[in-house]
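I opened this notebook to follow the fold from its overall pattern down to single residues. The entries below are in the order in which I looked things up.

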Amino acid sequence: MKKILLSFASVLILVGAGCASTTTLPPAAQEQPAPAPTPEPAPEPTPTPEPPCCPPPETETEPEPTPPVSDEPTGAKTYTMAEVAAHAGAASCWSAINGSVYDLTSWIGKHPGGESAILSLCGRDGSATFNNQHGGSALQENRLASFKIGALK
Ligand code: HEM
């Protein structure tokens, strides 16, 4: 009987030892927490193709430049002798000299040779008078040219 008890006890010890070995696992064998999955890198956004070329935005059409409205006669005009004759005084002094028409109004008070010399030209053909006094002189002829408003018809 004692033998049976001993062998039973040794069986118990052996079973216990086996159990102990299975219950305490080494730390390495313990289940490690699964590493967090690294997120996939976001795919590169593919550039959206440009829409087919659109017509350029409508630009505001520039208004046609209107020529300056002026009563000032230009050198491109032509005048009849009758028109010249209508400007025969100090208020408006036109003279026809050598086929061109001149507005001498502003020159009356500035003429170095005196007002009366210019007033004598107003409203008529002053070619002979001017040529006799200043003909061939670049200074006087250039000054005369600065008053030209057109051609005599
Ligand atoms: C539109 C026509 C004329 C123009 C543009 C004109 C222009 C001039 C100018 C620029 C001068 C100064 C010259 C200088 O400083 O050397 C002058 C002087 C003079 N002008 Fe006239 N002139 C005109 C008509 C006349 C007329 C018709 C007469 C006489 C009939 C006359 C008689 C004189 C005299 C006496 C002088 C001062 C002396 C001289 O420089 O000969 N001019 N003129």
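Before turning to bridge partners, I note that two strands are taken to pair if DSSP finds at least two bridges between them. I also keep in mind that this is a predicted model.

**Entry 1: overall layout.** I began with the secondary structure and found that the protein chain has five helices and five strands, which follow one another along the sequence in the pattern α-β-α-β-β-α-β-α-α-β. I then looked up burial and contact range: of the 153 residues of the protein chain, 11% count as buried, and among contacts between residues at least 6 apart in sequence, 64% join residues at least 24 apart.

**Entry 2: the sheet.** In what order do the five strands lie in the sheet? I read the order as 1-5-3-2-4, in an open sheet with mixed pairing. The edges are taken by strand 1 (77-79) and strand 4 (124-125), each of which pairs on one side only. As background, I recalled that strands of a sheet pair through backbone hydrogen bonds, either parallel or antiparallel.

I then went through the pairs from one edge to the other. Strand 1 and strand 5 (residues 148-152) are parallel and share three bridges, with K77 standing opposite G150 in strand 5. Strand 5 is joined to strand 3 by three bridges as well, but here the two strands run antiparallel, and it is V101 that stands opposite G150. G150 thus faces K77 in one pairing and V101 in the other.

Strand 3 (residues 100-103) and strand 2 (residues 94-97) are antiparallel and joined by four bridges. Within this pair I looked up three positions: S95 stands opposite Y102, A96 has V101 as its bridge partner in strand 3, and I97 stands opposite S100. Lastly, strand 2 and strand 4 pair in the parallel sense over two bridges, where S95 has R124 as its bridge partner in strand 4.

**Entry 3: the hairpin and N98.** Between strand 2 and strand 3 the hairpin has two residues, and N98 takes a positive phi near 55 degrees there. I noted this angle since most residues other than glycine have a negative phi. N98 is not a glycine, and yet its phi is positive, at about 55 degrees. Is N98 buried or partly exposed? It counts as partly exposed because 15 other C-beta atoms lie within 10 Å, whereas a buried residue would need 20 or more.

**Entry 4: strand 2 and the core.** Which way do the residues of strand 2 point? I found that W94 and A96 point one way, while S95 and I97 point the other way, and that all of them are buried. I next looked up the largest nonpolar core, which has 14 residues and in which W94, V101, Y102 and L104 have the most contacts. Strand 2 and strand 3 are the elements that give two or more residues to this core, and the largest share, three residues, comes from strand 2. For W94 I listed the contacts beyond four places in sequence, and these are V84, H87, V101, Y102, D103, C122 and G123.

**Entry 5: D103.** D103 appeared in the list for W94, and I looked it up next. D103 is placed in strand 3, and, leaving aside neighbours within four places in sequence, is in contact with W94, F147 and I149. For the pair D103 and F147 I noted a separation of 44 residues in sequence and a C-alpha to C-alpha distance of 5.5 Å in space. D103 counts as partly exposed because it has 18 C-beta neighbours inside 10 Å, and the buried class begins at 20.

**Entry 6: around the ligand.** Which residues come nearest to the ligand? Of the 16 residues around it, I found P112, G113, A117, Q133 and L144 to be the nearest. The elements that give two or more residues to this shell are helix 3 (115-119), helix 4 (127-134) and helix 5 (138-145). By residue type, the shell divides into nine nonpolar, six polar and one charged.

Note on methods
Residues numbered from 1 in each chain as written. Predicted model: local features only at pLDDT ≥ 70, side-chain atom pairs only at ≥ 80, totals over all residues. Near = placed C-beta within 6 Å. Nonpolar A, V, L, I, M, F, W, Y, C, P; charged D, E, K, R; others polar. Core = buried A, V, L, I, M, F, W, Y, C linked by C-beta atoms within 7 Å. Buried ≥ 20, exposed ≤ 12 C-beta atoms within 10 Å, placed from the backbone. Contact = placed C-beta atoms within 7 Å.
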